Amino acid sequence: MSATNTTAPSAPKEGATLRDLQGEIIKNAIFITTALAILILIVLPVGSLLIGSMRGEQGFSLDNFVEAVSSKLTRQALLNSLVLGGWTSFFSVIIGVPLAWAVSRANVPGKPLIYATATLSYLSPPFLTAIAFVGLLAPNSGLLNIFFRDVLQMPELTFNIFSMSGLVMVTTLHTFPFVFLLAASALKSVDASYEEAAQILGASKFRTALTISLPLVAPAILSGTLLAFVNAIALFGSQAIIGLPARIFTLPTRIYSLFDYPPEYGLASALSLLFVGITILALYLQRSFLARRSYVMVGGKGARPQLVNLGGWRWAVFAFCLAVTVVAIILPYAALIALSFSKSWGLNFWQNLTLDNYRFVLFEYDVTQRAIMNSLYLAIAAATFAVLIGAVVSWIDLRTTMPGRKLLDYAAIIPLGLPGIVMAVALIQFWLAMPLSLYGTLTILLLAYVGRYVPLAVRSANSSLRQVDATLEESARVLGASWGTTMREITLPLIRPGLFAGWLLVFVPVIQELSASILLFSSSSMTLAVAVYNLYETGQTERVAALAIINMVIISIAMLLANWLSKKAAGRSPSDPMGVSA
Amino acid sequence: MAGIHINNISKSYGAKSDMPAVSNMEINIPDNTFLTLLGPSGCGKTTTLRLIAGYLEPDSGEIRVNGRLLSAKGNVVPPERRGMGMVFQNYAVWPHKTVFENVAFGLMIRKTDKREMEKAVAEALAMVNLTGYEGRYPNELSGGQQQRVALARSLVVRPDILLLDEPLSNLDAKLRERMRGELKELQRRTGITFVYVTHDQAEALALSDQIAVIHEGKLQQLGRPVDVYVTPANRFVADFMGTVNMVRGEVANGQFACKDFTLSGVSAQTGAADLVVRPENIVLNAADAGLCHARVLDRVFLGNLCEYQIALASGATLRVQTHPLQLLDQGADVSLSIEANRCTFFAA
């Protein structure tokens, strides 16, 4: 191609050749840098995790795995994680599927509220929800428990949050949106004629739902359930805050405790690999279910499903939705806000309202301001790097025939199967063996974040690049544009909305990341989430709440700002290919 | 068996009450009839079908089957209790069920005995030439085969009424032709009342006992195919049913007079009128013996016929179809003749 475009009559031959050469060099430099980044961020750390887990006292051994499986503590942690994941998935379905059905098939009022609830539940940092529910349902000091026990004199209504049930509840509030969103979109896209055909043959509405609709959307529901499972077992924050006081160890908290002095790197690596195995198995199942989803898309031409008129029942369904909103959003946030303004938490908290907690965390707790700056810097940097890497990786995958491009693509999505704490263990293993001392710096946090969330960036770049036909790039090259010019003038403007979406997709989880940070931070590289968790461990509940609220405010402002920026940026670029050719 | 009475039905969607999807529709469908609802897309034919099926509630009017009230405002027997069959445009063959399971579904709902069910499914599949496909899944079938599964699924429960929503529109031309014949034959053999929706007038002509031409939510004409084609009730029907020539003129004393010719033997209301004549009803003669002279502008040889574009003295052009071997050269001077009883007249 570089040879042919110089034959264009108007192109200055000498200059074009030189420019082409320059372009090739830049292009290859970008490719190599990206490949190296993937190597350092993902392949080598995961590799050293493998090696580390198999290194015994005298060279190669499987002792770590034997210990991981035979130790009672570890076995219990594994079992607890599976129990937690199982129940969380179950309740995610119980909550997610009816809500999905309500918004997509029934004339239930308040549909925007249901979507808002699901979105907010997903975006709320799970450790904040956990802290809020500790304030409400801790056995002695929990406000609701005090109310039931002392005011209503009904101790049977009290609930101990420090239990597996409590952990399942708090986790479900974060994971049900996975089931909800997938099920709702599947229910909406099932062709109405499938159901109408069953009806005209004599099947009642209920029978139709059971024998036709449910089997058609089952792959989507199962897929959402497995995502809920994978996410549930990976959450360090809620499992530490609620599980540890109850002496319920799970895989993330068990791995975390292995880093207490003396650290047991080998065992931690082996356990991490076990963890990865479970996650990857679940994700593999999820993918194969999703592949079977193809038949939801069959429709297209058919009519949209008609909404079921529930009559008076719609208020009952609405009440259920409202209950979810109250438990998932209103209760925890109200509790956090109330906690943050009270001098001492209790039934009479409203008599001594104070701003002291905020004054303390903002101005006296010297960690806070540093943590805010660190988190913002890390989120912006990580999102930017991840998107750059994602764009190049998917461009290489989709537009070149370079050998190993598929390998690069696979490597870039490995972290999907890595829980945050495992990513941290892998990075520690790798960088400990390097001459460069990164432990405890912002850099290692940045590496962890970019590596962990690069799959999200790859996927969003990939899907937007797929929508840009390769001929749009080729026609620029034929007109004599170099590779760099083509990218700058054609490709990047066209995929910019997708890139911004990917940027947000990385930014949002990074700014509240705890699972990996908890093993990697130092006092100088403190992040917001870690600051909240550390303060919580000192037991100053009211001050934690104040910090948590500040955390939420910063997250919200950052997300709104990022959202606004990306909309603005996306708006500037032409969304339809026709606009480009005009 | 069953006759359907659609009595003054109206239906509009949402707040657009100014443009109802169906307004004051009045159709009587006798028992054992193949009736086609024909019209361009968006004319209300599918809405009418869905009203009959019970998926929609009418705003006013009623639908009765054998005198039994099935649909009225606020009083709709749901589809599952109407005992009808329906074949959808996109087949709606359930992708997660095998051919056997698809066809057996209605029998399962009716709690049919297992052996009887197997026999009935086998019969239904034989009827649509799909014996041997019982274990296949829909994604292993071609479009035409899926279409037959949908048919068998509807027929196996022996409905009195079968509703078909453009069932052939997704098939290729050859298959469509064959399925047409099979559908017609099936209706005759079973005696089921077919209500068939299509926008294809040739399909409607070939299949139907009765055609209801619908436009803008209103019934334009109801009649046998030959009636609708030969004596259209209005300009829309005339135009929709096939190619027409329209000539503006004046009717007086049993004669139609326009700039180029005068046609006698006309029995139409006196006054300004349009003469409507189909291309195949105009005869071209080389000899000087007809209504008037014309010049051949263009000739298109189509194999089974020849289509001419001819110009009259006033400059008006007509389309004429002749036997393919009547080959006239471009620019040739011809005379044309038209018989009044093969024309329709609409007051202008």
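How many of the 582 residues of chain A count as buried? In this predicted model, the share comes to 48%. The rest of the picture for chain A is mostly a helical one, with 24 helices set against two strands. As for overall dimensions, the radius of gyration of chain A is 26 Å, close to the 25 Å that the globule rule gives for 582 residues, so chain A is as compact as a globular protein of that length. Laid out along the principal axes, the C-alpha atoms of chain A fill a box of roughly 90 × 70 × 50 Å. Contacts within the chain reach well along the sequence: counting those between residues at least 6 apart, 80% join residues at least 24 apart.

One helix of chain A is worth a closer look. Helix α22 of chain A spans residues 528-537, and eight of its 10 residues are buried, so the helix is largely enclosed by the rest of the structure. The buried set starts with a run made up of A:Leu528, A:Ala529, A:Val530, A:Ala531, A:Val532 and A:Tyr533, and is completed by A:Leu535 and A:Tyr536. Just after α22(A), the backbone takes a positive phi of about 85° at A:Gly539.

Chain B meets chain A through 19 residues, which are in contact with 21 residues on the chain A side. Two elements of chain B give two or more residues each to this surface, namely β7 (85-87) and α2 (99-109). Of these, α2(B) supplies the largest share, with three residues. In character, the chain B side of the contact divides into 12 nonpolar, five polar and two charged residues.

Chain B itself is divided in two, with domain 1 covering residues 4-239 and domain 2 covering 243-347. The C-alpha centres of the two domains of chain B lie 39 Å apart. Where they touch, six residues of domain 1 are in contact with four residues of domain 2. On the domain 1 side, the touching residues are an even mix of two nonpolar, two polar and two charged.

Within the stretch assigned to domain 1 of chain B, helix α1 (residues 45-53) is mostly covered, with nine of its nine residues buried. That roster takes in the charged B:Lys45 and B:Arg50, and also the threonines B:Thr46, B:Thr47 and B:Thr48. B:Leu49, B:Leu51, B:Ile52 and B:Ala53 make up the remainder of the buried residues in α1(B). Just past the end of α1(B), B:Gly54 takes a positive phi of about 95°.

A hairpin comes further along chain B. Strands β10 (residues 210-215) and β11 (residues 218-223) of chain B pair in the antiparallel sense over five bridges. In this pairing, B:Ile211 of β10(B) stands opposite B:Gly223 in β11(B). Two residues sit between the strands of the hairpin, and B:Glu216 takes a positive phi near 50° there.

Two open sheets of chain B round out the account. One has five strands in the order β16-β20-β17-β18-β19, with antiparallel pairing. Its edges are held by β16 (282-285) and β19 (317-322) of chain B, each with a single partner strand, so one side of each is left without a neighbour in the sheet. The twist from one strand to the next averages 45°. Inside this sheet, β17 (residues 292-301) and β20 (residues 333-338) of chain B pair over four antiparallel bridges, and B:Ala294 stands opposite B:Val334 in β20(B).

The other open sheet also has five strands and antiparallel pairing, this time in the order β14-β13-β12-β15-β21 of chain B. Here β14 (262-264) and β21 (344-347) of chain B are the edge strands, and each has a single partner, so one side of each is left without a neighbour in the sheet. Direction ignored, neighbouring strands of this sheet are turned by 35° against each other on average. At the β14 end, three bridges join β14(B) to strand β13 (residues 255-257) of chain B, the two running antiparallel. B:Gln255 stands opposite B:Ser264 in β14(B).

Note on methods. Residues are numbered from 1 along each chain as its sequence is written. Chains are lettered from A and ligands numbered from 1 in the order in which they are written. This is a predicted model: local features need pLDDT of at least 70, side-chain atom pairs count only at pLDDT 80 or more; totals for chains, interfaces and linings use all residues. Domain bounds come from an automatic or database domain assignment. Two residues are in contact if their C-beta atoms, placed from the backbone, lie within 7 Å. A residue is buried if 20 or more other C-beta atoms lie within 10 Å of its own, exposed if 12 or fewer, and partly exposed in between; C-beta atoms are placed from the backbone. Two strands pair if DSSP finds at least two bridges between them. Axes are lines fitted to C-alpha atoms, for helices over the stretch in contact, and angles run from 0 to 180 degrees between N-to-C directions. The radius of gyration is taken over C-alpha atoms; the globule rule is 2.2 Å times the number of residues to the power 0.38.
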